[in-house]
Amino acid sequence: MITSFNPPDLSRYQSRALIGGIAGFILLLISVVIDRKLFFQAYLVGFTFWTGIAVGSLALLMLQHLTGGGWGLVIRRVLEAATRTLPFVLVLFIPIIIGSHSLYEWTDAAALEEHSVIKFKAPYLNLQLFTVRAVVYFAIWYLLAFLLNKWSLEQDRNGDSRFAKNMRLLSGPGMVLLIFAVTFAAIDWFMSLEPEWFSTIYGLIFVAAWSLSALAFVIAILAWLSKGEPMNRIVATLHFHDLGKLLLALVMLWAYFAFSQFLIIWSGNLPEEIAYYLTRVHGAWGAIIVGVAIFHFGAPFLFLLSRNLKRNPHKLVLVALLVLVMRVVDLLWMLLPAFTRQHFSAKHLLFSFVSVIAIGGVWLWFFFWQLAKRALIPINDPQFESVMEQQHAAGH
(Lines give C-alpha, C1' and ligand atoms only; values in the text may rest on other atoms or scores of the structure.)
Protein backbone atom coordinates (compact mmCIF):
# COMPACT_ATOMS: atom_id res chain seq x y z
CA MET A 1 0.00 0.00 0.00
CA ILE A 2 1.42 3.37 -1.02
CA THR A 3 1.30 5.62 2.00
CA SER A 4 1.72 9.08 0.50
CA PHE A 5 1.94 11.02 -2.73
CA ASN A 6 2.76 14.27 -0.97
CA PRO A 7 5.75 16.31 -2.20
CA PRO A 8 9.00 15.11 -0.60
CA ASP A 9 10.90 17.02 2.06
CA LEU A 10 14.25 17.83 0.46
CA SER A 11 15.26 20.81 2.59
CA ARG A 12 18.28 18.99 4.02
CA TYR A 13 19.63 18.29 0.54
CA GLN A 14 18.89 21.85 -0.58
CA SER A 15 20.99 23.20 2.27
CA ARG A 16 23.89 20.88 1.53
CA ALA A 17 23.85 21.74 -2.16
CA LEU A 18 23.76 25.48 -1.46
CA ILE A 19 26.64 25.26 1.02
CA GLY A 20 28.69 23.31 -1.53
CA GLY A 21 27.86 25.85 -4.23
CA ILE A 22 28.83 28.84 -2.09
CA ALA A 23 32.10 27.18 -1.09
CA GLY A 24 32.79 26.44 -4.74
CA PHE A 25 32.18 30.05 -5.78
CA ILE A 26 34.53 31.28 -3.04
CA LEU A 27 37.25 29.05 -4.49
CA LEU A 28 36.34 30.09 -8.04
CA LEU A 29 36.79 33.75 -7.16
CA ILE A 30 40.47 33.02 -6.49
CA SER A 31 40.83 32.74 -10.27
CA VAL A 32 39.93 36.44 -10.58
CA VAL A 33 43.08 37.29 -8.61
CA ILE A 34 45.17 35.11 -10.92
CA ASP A 35 43.58 36.23 -14.19
CA ARG A 36 40.18 37.80 -14.87
CA LYS A 37 39.90 35.90 -18.14
CA LEU A 38 40.52 32.62 -16.33
CA PHE A 39 37.40 33.14 -14.22
CA PHE A 40 35.08 33.56 -17.20
CA GLN A 41 36.71 30.75 -19.16
CA ALA A 42 36.32 28.32 -16.27
CA TYR A 43 32.80 29.63 -15.60
CA LEU A 44 31.76 28.77 -19.17
CA VAL A 45 32.55 25.09 -18.58
CA GLY A 46 30.39 24.87 -15.47
CA PHE A 47 27.59 26.83 -17.11
CA THR A 48 27.64 24.54 -20.15
CA PHE A 49 27.47 21.34 -18.12
CA TRP A 50 24.48 22.32 -15.97
CA THR A 51 22.66 24.05 -18.81
CA GLY A 52 23.00 20.78 -20.69
CA ILE A 53 21.18 18.91 -17.93
CA ALA A 54 18.34 21.46 -17.83
CA VAL A 55 17.84 21.64 -21.61
CA GLY A 56 18.50 17.92 -22.08
CA SER A 57 15.78 17.19 -19.51
CA LEU A 58 13.37 19.19 -21.65
CA ALA A 59 14.25 17.02 -24.65
CA LEU A 60 13.69 13.83 -22.63
CA LEU A 61 10.43 15.20 -21.22
CA MET A 62 9.08 15.71 -24.73
CA LEU A 63 10.43 12.33 -25.84
CA GLN A 64 8.55 10.51 -23.08
CA HIS A 65 5.35 12.37 -23.94
CA LEU A 66 5.74 11.25 -27.55
CA THR A 67 6.57 7.62 -26.84
CA GLY A 68 4.69 6.85 -23.62
CA GLY A 69 5.68 3.98 -21.35
CA GLY A 70 6.28 3.52 -17.67
CA TRP A 71 9.90 4.64 -17.89
CA GLY A 72 8.74 8.15 -18.73
CA LEU A 73 6.13 8.33 -16.01
CA VAL A 74 8.52 7.46 -13.17
CA ILE A 75 11.06 10.12 -14.21
CA ARG A 76 8.60 12.82 -15.29
CA ARG A 77 8.67 14.78 -12.05
CA VAL A 78 12.48 14.80 -12.04
CA LEU A 79 12.54 15.99 -15.65
CA GLU A 80 9.93 18.66 -14.97
CA ALA A 81 11.84 19.95 -11.94
CA ALA A 82 15.03 20.15 -14.02
CA THR A 83 13.25 22.12 -16.77
CA ARG A 84 11.88 24.57 -14.21
CA THR A 85 15.49 25.60 -13.47
CA LEU A 86 15.68 27.28 -16.90
CA PRO A 87 14.88 30.79 -15.57
CA PHE A 88 17.76 30.33 -13.12
CA VAL A 89 20.00 29.13 -15.98
CA LEU A 90 19.14 32.36 -17.83
CA VAL A 91 20.45 34.30 -14.81
CA LEU A 92 23.60 32.17 -14.91
CA PHE A 93 24.08 33.26 -18.53
CA ILE A 94 24.51 36.93 -17.54
CA PRO A 95 28.21 36.51 -16.58
CA ILE A 96 28.81 35.09 -20.07
CA ILE A 97 27.61 38.40 -21.53
CA ILE A 98 29.61 40.40 -19.00
CA GLY A 99 32.76 38.41 -19.69
CA SER A 100 32.31 38.11 -23.45
CA HIS A 101 35.50 40.05 -24.13
CA SER A 102 37.41 37.45 -22.10
CA LEU A 103 35.85 34.58 -24.05
CA TYR A 104 35.20 35.52 -27.66
CA GLU A 105 37.87 36.76 -30.04
CA TRP A 106 35.24 38.28 -32.34
CA THR A 107 34.40 40.92 -29.69
CA ASP A 108 37.88 42.43 -30.22
CA ALA A 109 37.94 45.12 -32.93
CA ALA A 110 41.65 44.49 -33.55
CA ALA A 111 40.97 40.82 -34.27
CA LEU A 112 38.34 41.80 -36.84
CA GLU A 113 40.87 43.88 -38.73
CA GLU A 114 43.58 41.25 -38.48
CA HIS A 115 41.52 38.23 -39.54
CA SER A 116 39.43 38.55 -42.67
CA VAL A 117 37.35 35.45 -41.87
CA ILE A 118 36.28 36.86 -38.49
CA LYS A 119 35.50 40.22 -40.12
CA PHE A 120 33.37 38.43 -42.73
CA LYS A 121 31.33 36.83 -39.92
CA ALA A 122 30.92 40.11 -38.01
CA PRO A 123 27.32 40.74 -39.22
CA TYR A 124 26.38 37.53 -37.37
CA LEU A 125 29.04 37.42 -34.64
CA ASN A 126 28.47 40.64 -32.74
CA LEU A 127 27.52 41.08 -29.11
CA GLN A 128 24.14 42.70 -29.77
CA LEU A 129 22.80 39.89 -31.98
CA PHE A 130 24.57 37.32 -29.79
CA THR A 131 22.53 38.54 -26.82
CA VAL A 132 19.27 38.75 -28.77
CA ARG A 133 19.69 35.20 -30.09
CA ALA A 134 20.42 33.92 -26.58
CA VAL A 135 17.17 35.48 -25.37
CA VAL A 136 15.34 33.73 -28.23
CA TYR A 137 16.87 30.35 -27.34
CA PHE A 138 15.90 30.69 -23.69
CA ALA A 139 12.43 31.92 -24.67
CA ILE A 140 11.86 28.79 -26.78
CA TRP A 141 13.08 26.46 -24.04
CA TYR A 142 11.16 28.28 -21.31
CA LEU A 143 7.89 28.40 -23.26
CA LEU A 144 8.02 24.66 -23.94
CA ALA A 145 8.91 23.90 -20.32
CA PHE A 146 6.23 26.28 -18.99
CA LEU A 147 3.44 24.70 -21.04
CA LEU A 148 4.45 21.12 -20.28
CA ASN A 149 4.74 21.83 -16.56
CA LYS A 150 1.47 23.79 -16.49
CA TRP A 151 -0.54 21.09 -18.24
CA SER A 152 1.03 18.36 -16.12
CA LEU A 153 0.01 20.20 -12.94
CA GLU A 154 -3.52 20.77 -14.27
CA GLN A 155 -3.78 17.06 -15.05
CA ASP A 156 -2.72 16.28 -11.49
CA ARG A 157 -5.45 18.50 -10.12
CA ASN A 158 -8.46 17.34 -12.16
CA GLY A 159 -7.40 14.18 -14.05
CA ASP A 160 -8.56 15.56 -17.42
CA SER A 161 -7.01 13.38 -20.15
CA ARG A 162 -6.99 16.25 -22.66
CA PHE A 163 -3.90 17.63 -20.96
CA ALA A 164 -2.00 14.43 -21.81
CA LYS A 165 -3.05 14.94 -25.43
CA ASN A 166 -1.94 18.58 -25.35
CA MET A 167 1.49 17.62 -24.03
CA ARG A 168 1.88 14.96 -26.71
CA LEU A 169 0.82 17.31 -29.52
CA LEU A 170 3.20 20.04 -28.32
CA SER A 171 6.15 17.66 -27.97
CA GLY A 172 6.42 16.86 -31.69
CA PRO A 173 7.04 20.37 -33.05
CA GLY A 174 8.58 21.30 -29.70
CA MET A 175 11.33 18.74 -30.19
CA VAL A 176 12.15 20.23 -33.60
CA LEU A 177 12.31 23.74 -32.12
CA LEU A 178 14.52 22.54 -29.28
CA ILE A 179 16.99 20.85 -31.64
CA PHE A 180 17.29 24.00 -33.75
CA ALA A 181 17.71 26.19 -30.65
CA VAL A 182 20.41 23.92 -29.17
CA THR A 183 22.20 23.76 -32.53
CA PHE A 184 22.37 27.54 -32.91
CA ALA A 185 23.22 28.02 -29.22
CA ALA A 186 26.15 25.61 -29.63
CA ILE A 187 27.36 27.60 -32.64
CA ASP A 188 27.05 30.93 -30.82
CA TRP A 189 28.32 29.98 -27.40
CA PHE A 190 30.95 27.33 -28.14
CA MET A 191 31.93 27.02 -31.80
CA SER A 192 32.48 30.78 -32.01
CA LEU A 193 35.21 30.47 -29.37
CA GLU A 194 37.32 29.65 -32.43
CA PRO A 195 35.57 31.85 -35.00
CA GLU A 196 37.70 30.81 -37.98
CA TRP A 197 36.70 27.15 -37.52
CA PHE A 198 33.37 25.58 -38.39
CA SER A 199 31.59 22.23 -38.43
CA THR A 200 28.11 21.44 -39.71
CA ILE A 201 27.62 18.59 -37.21
CA TYR A 202 28.83 20.50 -34.15
CA GLY A 203 25.35 21.46 -32.95
CA LEU A 204 24.08 17.87 -33.15
CA ILE A 205 26.94 16.77 -30.91
CA PHE A 206 25.54 19.06 -28.22
CA VAL A 207 21.98 17.85 -28.82
CA ALA A 208 23.12 14.28 -28.13
CA ALA A 209 25.54 15.24 -25.33
CA TRP A 210 23.02 17.35 -23.41
CA SER A 211 20.34 14.65 -23.70
CA LEU A 212 22.89 12.10 -22.49
CA SER A 213 23.91 14.27 -19.52
CA ALA A 214 20.27 14.75 -18.54
CA LEU A 215 19.45 11.03 -18.73
CA ALA A 216 22.49 10.05 -16.67
CA PHE A 217 21.51 12.66 -14.07
CA VAL A 218 17.89 11.46 -14.00
CA ILE A 219 18.94 7.82 -13.56
CA ALA A 220 21.10 8.81 -10.59
CA ILE A 221 18.26 10.81 -9.00
CA LEU A 222 15.69 8.04 -9.63
CA ALA A 223 17.97 5.40 -8.11
CA TRP A 224 18.28 7.59 -5.01
CA LEU A 225 14.54 8.33 -4.80
CA SER A 226 13.60 4.66 -5.30
CA LYS A 227 15.18 3.81 -1.94
CA GLY A 228 12.33 5.51 -0.07
CA GLU A 229 8.58 6.04 -0.07
CA PRO A 230 6.64 6.15 -2.30
CA MET A 231 9.04 5.46 -5.19
CA ASN A 232 10.25 2.13 -3.76
CA ARG A 233 6.69 0.85 -4.25
CA ILE A 234 6.34 2.20 -7.78
CA VAL A 235 9.68 1.97 -9.58
CA ALA A 236 10.31 -1.52 -10.98
CA THR A 237 13.42 -3.16 -12.41
CA LEU A 238 11.73 -2.93 -15.82
CA HIS A 239 11.86 0.86 -15.61
CA PHE A 240 15.60 0.86 -14.94
CA HIS A 241 16.01 -1.64 -17.78
CA ASP A 242 14.25 0.73 -20.19
CA LEU A 243 16.28 3.71 -18.96
CA GLY A 244 19.47 1.68 -19.35
CA LYS A 245 18.57 0.88 -22.95
CA LEU A 246 17.93 4.55 -23.67
CA LEU A 247 21.24 5.45 -22.01
CA LEU A 248 23.00 2.97 -24.29
CA ALA A 249 21.28 4.49 -27.34
CA LEU A 250 22.34 8.02 -26.39
CA VAL A 251 25.92 6.95 -25.67
CA MET A 252 26.06 5.47 -29.17
CA LEU A 253 24.38 8.54 -30.73
CA TRP A 254 26.84 10.92 -29.08
CA ALA A 255 29.79 8.76 -30.16
CA TYR A 256 28.43 8.59 -33.71
CA PHE A 257 28.17 12.37 -34.04
CA ALA A 258 31.54 13.03 -32.39
CA PHE A 259 33.39 10.44 -34.48
CA SER A 260 31.60 11.52 -37.67
CA GLN A 261 32.88 15.07 -37.21
CA PHE A 262 36.44 13.81 -36.73
CA LEU A 263 36.24 11.41 -39.68
CA ILE A 264 34.86 14.04 -42.08
CA ILE A 265 37.49 16.63 -41.09
CA TRP A 266 40.30 14.05 -41.17
CA SER A 267 39.22 12.87 -44.63
CA GLY A 268 38.97 16.41 -46.00
CA ASN A 269 42.30 17.46 -44.44
CA LEU A 270 41.62 21.16 -45.08
CA PRO A 271 43.77 23.72 -43.24
CA GLU A 272 40.79 25.75 -42.02
CA GLU A 273 39.17 22.64 -40.50
CA ILE A 274 42.03 20.57 -39.05
CA ALA A 275 43.21 23.33 -36.70
CA TYR A 276 40.51 22.30 -34.24
CA TYR A 277 41.94 18.80 -33.86
CA LEU A 278 45.62 19.74 -34.14
CA THR A 279 45.38 21.45 -30.75
CA ARG A 280 43.40 18.56 -29.23
CA VAL A 281 45.14 15.34 -30.26
CA HIS A 282 48.68 16.03 -29.05
CA GLY A 283 50.24 16.06 -25.59
CA ALA A 284 47.97 16.03 -22.55
CA TRP A 285 44.87 16.86 -24.61
CA GLY A 286 45.59 13.81 -26.76
CA ALA A 287 45.76 11.61 -23.67
CA ILE A 288 42.49 13.08 -22.41
CA ILE A 289 40.60 12.29 -25.63
CA VAL A 290 41.87 8.69 -25.48
CA GLY A 291 40.42 8.54 -21.95
CA VAL A 292 37.15 9.98 -23.24
CA ALA A 293 36.99 7.32 -25.95
CA ILE A 294 37.56 4.55 -23.41
CA PHE A 295 35.48 5.73 -20.45
CA HIS A 296 32.81 7.81 -22.20
CA PHE A 297 32.04 5.34 -24.96
CA GLY A 298 33.89 2.02 -24.64
CA ALA A 299 33.21 1.19 -21.00
CA PRO A 300 29.57 2.39 -20.85
CA PHE A 301 28.84 0.63 -24.15
CA LEU A 302 30.15 -2.71 -22.88
CA PHE A 303 28.53 -2.36 -19.46
CA LEU A 304 25.13 -1.42 -20.88
CA LEU A 305 25.04 -4.48 -23.13
CA SER A 306 24.38 -6.49 -19.97
CA ARG A 307 20.69 -7.07 -19.28
CA ASN A 308 21.35 -7.81 -15.62
CA LEU A 309 23.28 -4.56 -15.13
CA LYS A 310 20.49 -2.47 -16.66
CA ARG A 311 18.00 -4.10 -14.27
CA ASN A 312 20.18 -3.44 -11.22
CA PRO A 313 19.80 0.22 -10.11
CA HIS A 314 22.90 0.04 -7.90
CA LYS A 315 25.08 -0.93 -10.86
CA LEU A 316 23.28 1.20 -13.45
CA VAL A 317 23.75 4.32 -11.34
CA LEU A 318 27.53 3.73 -11.34
CA VAL A 319 27.49 3.76 -15.14
CA ALA A 320 25.35 6.90 -15.09
CA LEU A 321 27.79 8.64 -12.73
CA LEU A 322 30.71 7.59 -14.95
CA VAL A 323 28.93 9.15 -17.93
CA LEU A 324 28.38 12.39 -15.99
CA VAL A 325 32.04 12.63 -15.00
CA MET A 326 33.15 11.94 -18.56
CA ARG A 327 30.73 14.56 -19.87
CA VAL A 328 32.67 17.11 -17.78
CA VAL A 329 35.99 15.78 -19.10
CA ASP A 330 34.73 15.91 -22.68
CA LEU A 331 33.63 19.52 -22.21
CA LEU A 332 37.09 20.39 -20.89
CA TRP A 333 38.59 18.84 -24.02
CA MET A 334 36.19 20.67 -26.32
CA LEU A 335 36.29 24.15 -24.75
CA LEU A 336 39.58 24.79 -22.94
CA PRO A 337 41.97 24.41 -25.91
CA ALA A 338 40.15 27.37 -27.48
CA PHE A 339 41.71 29.48 -24.69
CA THR A 340 45.05 27.71 -24.14
CA ARG A 341 45.74 26.71 -27.79
CA GLN A 342 48.54 24.13 -27.98
CA HIS A 343 49.42 24.53 -24.33
CA PHE A 344 47.92 22.42 -21.57
CA SER A 345 46.91 24.57 -18.60
CA ALA A 346 46.54 22.86 -15.23
CA LYS A 347 45.01 26.03 -13.70
CA HIS A 348 42.33 26.10 -16.40
CA LEU A 349 41.58 22.46 -15.69
CA LEU A 350 41.44 22.97 -11.91
CA PHE A 351 39.21 26.05 -11.92
CA SER A 352 36.92 24.52 -14.54
CA PHE A 353 36.27 21.60 -12.19
CA VAL A 354 35.69 24.12 -9.37
CA SER A 355 33.24 25.94 -11.63
CA VAL A 356 31.27 22.74 -12.24
CA ILE A 357 31.02 22.20 -8.47
CA ALA A 358 30.17 25.85 -7.71
CA ILE A 359 27.44 26.26 -10.31
CA GLY A 360 26.29 22.70 -9.67
CA GLY A 361 25.74 23.33 -5.97
CA VAL A 362 23.54 26.36 -6.59
CA TRP A 363 21.74 24.66 -9.51
CA LEU A 364 21.02 21.57 -7.41
CA TRP A 365 19.67 23.79 -4.61
CA PHE A 366 17.24 25.28 -7.11
CA PHE A 367 16.45 21.83 -8.58
CA PHE A 368 15.66 20.27 -5.18
CA TRP A 369 13.46 23.25 -4.36
CA GLN A 370 11.46 22.65 -7.56
CA LEU A 371 11.36 18.87 -7.07
CA ALA A 372 9.86 19.32 -3.59
CA LYS A 373 6.97 21.38 -4.97
CA ARG A 374 5.05 18.46 -6.48
CA ALA A 375 4.29 14.81 -5.78
CA LEU A 376 6.92 12.49 -7.22
CA ILE A 377 4.39 10.62 -9.39
CA PRO A 378 1.64 12.12 -11.61
CA ILE A 379 -1.12 9.85 -10.28
CA ASN A 380 -3.83 11.18 -12.61
CA ASP A 381 -1.86 10.35 -15.74
CA PRO A 382 -3.63 7.82 -18.01
CA GLN A 383 -0.57 5.55 -17.80
CA PHE A 384 -0.49 5.39 -14.01
CA GLU A 385 -2.42 2.11 -13.69
CA SER A 386 -0.25 0.35 -16.28
CA VAL A 387 2.87 1.47 -14.42
CA MET A 388 1.49 0.01 -11.19
CA GLU A 389 0.79 -3.24 -13.03
CA GLN A 390 4.43 -3.35 -14.18
CA GLN A 391 5.53 -2.84 -10.60
CA HIS A 392 3.37 -5.68 -9.30
CA ALA A 393 4.42 -7.95 -12.18
CA ALA A 394 8.05 -7.36 -11.21
CA GLY A 395 7.31 -8.95 -7.85
CA HIS A 396 7.52 -5.93 -5.56
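Q: Let's start in the middle: are Arg327 and Asp330 buried or exposed?
A: Both Arg327 and Asp330 are buried. Buried means under 20% relative accessible area, exposed means over 50%, and partly exposed is in between, using a 1.4 Å probe and protein chains only.

Q: What kind of model is this, and how are residues numbered?
A: It's a predicted model, where local features need pLDDT of at least 70 and side-chain atom pairs count only at pLDDT 80 or more, while totals for chains, interfaces and linings use all residues. Residues are numbered from 1 along each chain as its sequence is written, and side-chain values use heavy atoms, with hydrogens and water left out.

Q: Back to that pair. How do the side chains of Arg327 and Asp330 meet?
A: They meet in a salt bridge, 2.8 Å from N to O. That term means a side-chain nitrogen of Lys or Arg within 4 Å of a carboxyl oxygen of Asp or Glu. The two residues are three apart in helix H16 (residues 313-335), so about one helical turn separates them. Helices here are DSSP runs (H or I, at least four residues), as are strands (E, at least two), numbered from the N terminus.

Q: What else does Asp330 touch?
A: Leaving aside neighbours within four places in sequence, Asp330 is in contact with Trp254, Val292 and His296. Contact means heavy atoms within 4.5 Å. Asp330 has a relative accessible area of 3%. Its C-alpha is also 7.5 Å from that of Ile289, though the two are 41 residues apart in sequence.

Q: How many salt bridges turn up in the whole structure?
A: Nine. One of them joins Asp188 and Arg133, with the closest N and O atoms 2.6 Å apart. Asp188 is in helix H10 (residues 162-189) and Arg133 is in helix H9 (residues 127-158), so this pair ties together parts that are 55 residues apart in sequence. Asp188 and Arg133 are both buried.

Q: What about Arg280, which residue does it pair with?
A: Arg280 forms a salt bridge with Glu194, at 2.8 Å from N to O. This pair links distant parts of the chain, 86 residues apart: Arg280 is in the loop between helix H13 (271-278) and H14, and Glu194 is in the loop between H10 and helix H11 (202-225). Arg280 is buried, with 0% relative accessible area, and Glu194 counts as buried too, at 13%.

Q: Which rings do Arg133 and Arg280 sit over?
A: The charged end of Arg133 sits over the ring of Tyr124, 3.6 Å from the ring centre. For Arg280, the ring is that of Tyr276, with its centre 3.8 Å away. To count, NZ of Lys or CZ of Arg has to be within 6 Å of the ring centre and within 35 degrees of the ring normal.

Q: New topic: how many aromatic pairs are there?
A: The structure holds 45. Among them, Phe297 and Phe301 are stacked, with 5.4 Å centre to centre and 25° between the planes. Rings of Phe, Tyr and Trp (its six-membered ring) pair if their centres lie within 6.5 Å; planes under 30 degrees apart count as stacked, over 60 as edge-to-face and the rest as tilted.

Q: Where do Phe297 and Phe301 sit?
A: They are four residues apart in helix H14 (residues 283-304), so about one helical turn lies between them. Phe297 is partly exposed at 30% relative accessible area, and Phe301 is partly exposed at 24%. In another pair, the rings of Phe367 and Phe368 have centres 5.5 Å apart and planes at 55°, so that pair is tilted. Phe367 and Phe368 are both buried.

Q: Last one: which residues of H1 are buried?
A: Gln14, Ala17, Gly21, Gly24 and Leu28. Down the axis of H1, these buried residues fall within an arc of 95°, so they line one face of the helix. The arc is taken from the directions from the helix axis to the C-beta atoms. On the other side of H1, Arg16, Ile19 and Ile26 are exposed.

Q: What covers the buried residues of H1?
A: The cover includes helix H2 (30-34), H3 and helix H18 (346-371).
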